[in-house]
Amino acid sequence: MDRHLARTNPRLYAARWMSADEEGHSALLRSLPPDELALHVEALLAALFQPPRVVGEGCLTLDIRVEGLDGVGISASYREEDGERKRYQVLEAGGMRPAEARAVLDALWAANTRLGGLPARTSINSVHLAGLWGDDDPVKQDDPIAFELLLAERLLGVLEALFTGLPLRRAELQGWEATYAWCLTRPDGLVVTDYSQPDPGYASLHLFWGTPDGGEAEAFYSSALKNESREALVAWSEKTVRARGCPLWQRWQNPSSPSLLELPPEELLLS
């Protein structure tokens, strides 16, 4: 890399790297020592703020994708908060080990802080589940629930390797129990509950790690739309979060919808 150009003319330096493909840029990021990685990343971000400033008010957005047990990708962009919500690409990298990806994240968080940016929005926005599934794993059809929890455990392992040393600030478990949520309007105008079409239960777990720039990194797990899967995810989430000493918040649906545990009135059953 051209250290002098990165320091003296970040915009020109960044322009040269904008034409690089993801594979080439990823290889560079993996090869740079920490001080040069920090300089490279800061130059890419500073290009947006160098007078004359080309971006409006907004924040750095770090979208992380889990590509497999040992593969992580990062898409860094600056997103304006005005009505047009323009997006400016900073870097795109993939195929990195969690430790390599973490070095890039640390460089981005540090550069964002030095340049006076708002805390970055960091989140896991893509998970390639097939990358977490080994050839010797049980077939999904044999025990779908056990398979889902196995993937959840492995995904958590990748995330904990990526966010090593960062505090797990809180967890949020939310969703709804199985309900009869649909209604019918009969020809006589009476609105009744449709007991022929139940909505299955659902649950999702959101995990939040504190980041060095004062923001949070968010990841979430979703259950399949089946009651058994929901119950299994809830039990796994409660056990997993409490084992890490993290506060667990729970948010469930408004209980006004009739529960599946309630027997429908006989006169309202649909033939």
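This is a short chat about the largest pocket and two helix packings in a predicted model.

Trainee: What volume does the largest pocket have?

Mentor: The largest pocket comes to about 490 Å³. Its lining has 21 residues, and the closest to the centre are L129, E148, L151, Y221 and S222.

Trainee: Which elements each supply at least two residues of that lining?

Mentor: Two strands and two helices do: β4 (121–127), β9 (216–222), α6 (144–162) and α7 (227–243). The largest share is from α6, with six residues.

Trainee: And how does the lining of the largest pocket split by class?

Mentor: There are 14 nonpolar residues, five polar and two charged.

Trainee: Switching to helices. At what angle do α4 and α5 pack?

Mentor: About 55 degrees, with the axes 9 Å apart; α4 covers residues 34–49 and α5 covers residues 98–114.

Trainee: Why is α4 called oblique to α5?

Mentor: Because angles from 35 up to 65 degrees are neither roughly parallel nor roughly perpendicular, the angle of about 55 degrees makes α4 oblique to α5. The crossing of α4 past α5 is right-handed.

Trainee: Which residues make the contact?

Mentor: On α4, they are L37, A38, V41, E42 and L45. On α5, they are A103, V104, A107, L108, A111, N112 and R114. By class, that contact has nine nonpolar residues, one polar and two charged.

Trainee: What about α3 and α4, how do their axes cross?

Mentor: Helix α3, residues 22–31, crosses α4 at roughly 135 degrees, and the axes come within 9 Å. That angle makes α3 oblique to α4.

Trainee: Which residues touch there?

Mentor: H25, L28 and L29 of α3 meet L37, H40 and L44 of α4. L37 is also listed on the α4 side of the contact with α5.

Trainee: How many charged residues are in the contact of α3 with α4?

Mentor: None; the contact of α3 with α4 divides into four nonpolar and two polar residues.

Methods. Residues numbered from 1 in each chain as written. Predicted model: local features only at pLDDT ≥ 70, side-chain atom pairs only at ≥ 80, totals over all residues. Heavy atoms only, no water. 1 Å grid on protein atoms, 1.4 Å probe; cavity = no way out; pocket = protein on both sides within 12 Å on 5 of 7 lines; lining within 4 Å. Points joined across faces, edges and corners; volume = space filled by probe spheres on them. Helix = DSSP H or I, 4+ residues; strand = E, 2+ residues; numbered from the N terminus. Nonpolar A, V, L, I, M, F, W, Y, C, P; charged D, E, K, R; others polar. Axes fitted to C-alpha atoms, helices over the stretch in contact; angles between N-to-C directions. Parallel < 35°, antiparallel > 145°, perpendicular 65-115°, else oblique. Left-handed = near helix turned anticlockwise from the far one by under 90°. Contact = heavy atoms within 4.5 Å.
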